[in-house]
Amino acid sequence: MTTLEAHNITFAYPGGNPILTTWSHTFTAGQTTAITGPSGRGKSTALYILGLLLTPTTGHVTLNGQTLSNRPDHTRSWHRAHHFGFVFQNAELDPTRTLADNILESCHYRNENPATRHNHALHLMERYGVALPPHRRPGQISGGQAQRVALCRALIGDPLVVLADEPTGNLDAQSTTAVINGLKEHAATGRIVIISTHSPDVVAQCDTHIDL
Ligand code: ADP
Ligand code: MG
């Protein structure tokens, strides 16, 4: 069973004060976990560390017992491409690429032909209520739609771990339900889903809650 562990993590940005001081938590497969806390507390930073985008100042991150946070860049990149999906706070789609190419981007990092996943990308867009023309570009869709396209991008590789940074921040109630149900379904297939949020409704729908 998949486990993702934060062991005694402390992090400081250059010149900044330590945040997440000696933070430890074990995330288990099949569960959604909500991370809350006031702005600036370190929710996004915690997700970046768990997702191997930032290296903790002290402490380490393990996936299935293997320490990954201290590995070289190319090793962490390989694990990110194969095991992690991200939904960034403001979607962060590549404005120069089509929606389909944004969703399929991680295929390149797994040496998969994106064409073999094209139908899956369309299926995810339909599933999350963004069945838009796939050749459109991010500048031609709304912020809420961009957030749902970002969710499709995170799920395309069926990752063991999904890290979602305020994924419903721009969404109306109906889209919020679609996104949270989708994340819960993904967790139910034996995956780990971690969601930072300010929404008490989202917290109530998650299995576990960490208040930073
Ligand atoms: P949250 O997601 O809970 O709002 P963040 O993880 O974004 O918090 O930020 C935690 C703290 O780190 C804040 O004080 C923020 O100003 C600071 N911070 C975030 N990113 C950087 C950065 N790239 N360089 C320096 N300080 C940063
Ligand atoms: Mg944040």
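A residue counts as near a molecule when one of its heavy atoms lies within 4 Å of that molecule. With that in hand, and bearing in mind that this is a predicted model, let's start at the ligand. The shell around ligand 1 is made up of Tyr 13, Ile 19, Pro 38, Ser 39, Gly 40, Arg 41, Gly 42, Lys 43, Ser 44 and Thr 45. Sorted by character, these residues come out as 3 nonpolar, 5 polar and 2 charged. Which element gives the most to this shell? That would be helix H1, residues 43–50, with 3 residues.

Now zoom in on the oxygen atoms of ligand 1. The side chain of Thr 45 puts an N or O atom 2.5 Å from one ligand oxygen. Backbone atoms join in too: an N or O atom of the Gly 40 backbone sits 2.7 Å from an oxygen of ligand 1, and a polar backbone atom of Ser 44 is 2.9 Å from a ligand oxygen. As for cover, ligand 1 on its own has 560 Å² of accessible area, and the protein covers 55% of that.

Next, have a look at strand S3, which spans residues 32–36. Is S3 mostly covered or mostly open? Mostly covered: 5 of its 5 residues are buried. In a regular strand, side chains alternate between the two faces of the sheet, so it's worth checking each face separately. Thr 32, Ala 34 and Thr 36 are buried on one side of S3, while Thr 33 and Ile 35 are buried on the other.

S3 also has strand partners. Strands of a sheet pair through backbone hydrogen bonds, and they can run parallel or antiparallel. Here, S3 runs parallel to strand S8 (residues 192–196), with 4 bridges joining them, and Ile 35 has Ser 196 as its bridge partner in S8. Another 4 bridges link S3 to strand S9 (residues 208–211), again in parallel. On that side, Ala 34 is partnered with His 209 in S9.

There is also an open sheet of 4 strands, paired antiparallel in the order S2-S1-S4-S5. Its edge strands, S2 (19–28) and S5 (66–67), each pair on one side only. Strand S1 (residues 3–11) is joined to S2 by 6 antiparallel bridges. Along that pairing, Thr 3 has Thr 28 as its bridge partner, and Ile 9 stands opposite Trp 23. S1 is linked to S4 by 5 bridges, also antiparallel, with Glu 5 opposite Thr 62.

From the sheet, move on to helix H2. Its buried residues are Thr 75, Arg 76, His 79, Ala 81 and His 83. In an α-helix there are 3.6 residues a turn, so residues three or four places apart point the same way. Among the elements covering the buried residues of H2 are strands S4 (58–63) and S5, strand S6 (84–87), helix H3 (99–109) and strand S7 (161–165).

His 83 makes a good last stop; this residue belongs to H2, which covers residues 73–83. Why does His 83 count as buried? Because its relative accessible area is 19%, and the cut-off for buried is under 20%. Setting aside residues up to four places away in sequence, His 83 touches Leu 63, Trp 78, Pro 159, Leu 160 and Val 161.

Conventions
Residues numbered from 1 in each chain as written. Chains lettered and ligands numbered in written order. Predicted model: local features only at pLDDT ≥ 70, side-chain atom pairs only at ≥ 80, totals over all residues. Heavy atoms only, no water. Polar contact = N/O pair within 3.5 Å; in protein donor to acceptor, adjacent residues only side chain to side chain. Areas by Shrake-Rupley, 256 points an atom, 1.4 Å probe, with all protein chains shown as cover. Helix = DSSP H or I, 4+ residues; strand = E, 2+ residues; numbered from the N terminus. Nonpolar A, V, L, I, M, F, W, Y, C, P; charged D, E, K, R; others polar. Buried < 20%, exposed > 50% of the residue type's maximum accessible area, 1.4 Å probe, protein only. Contact = heavy atoms within 4.5 Å. Pairing = 2+ DSSP bridges.
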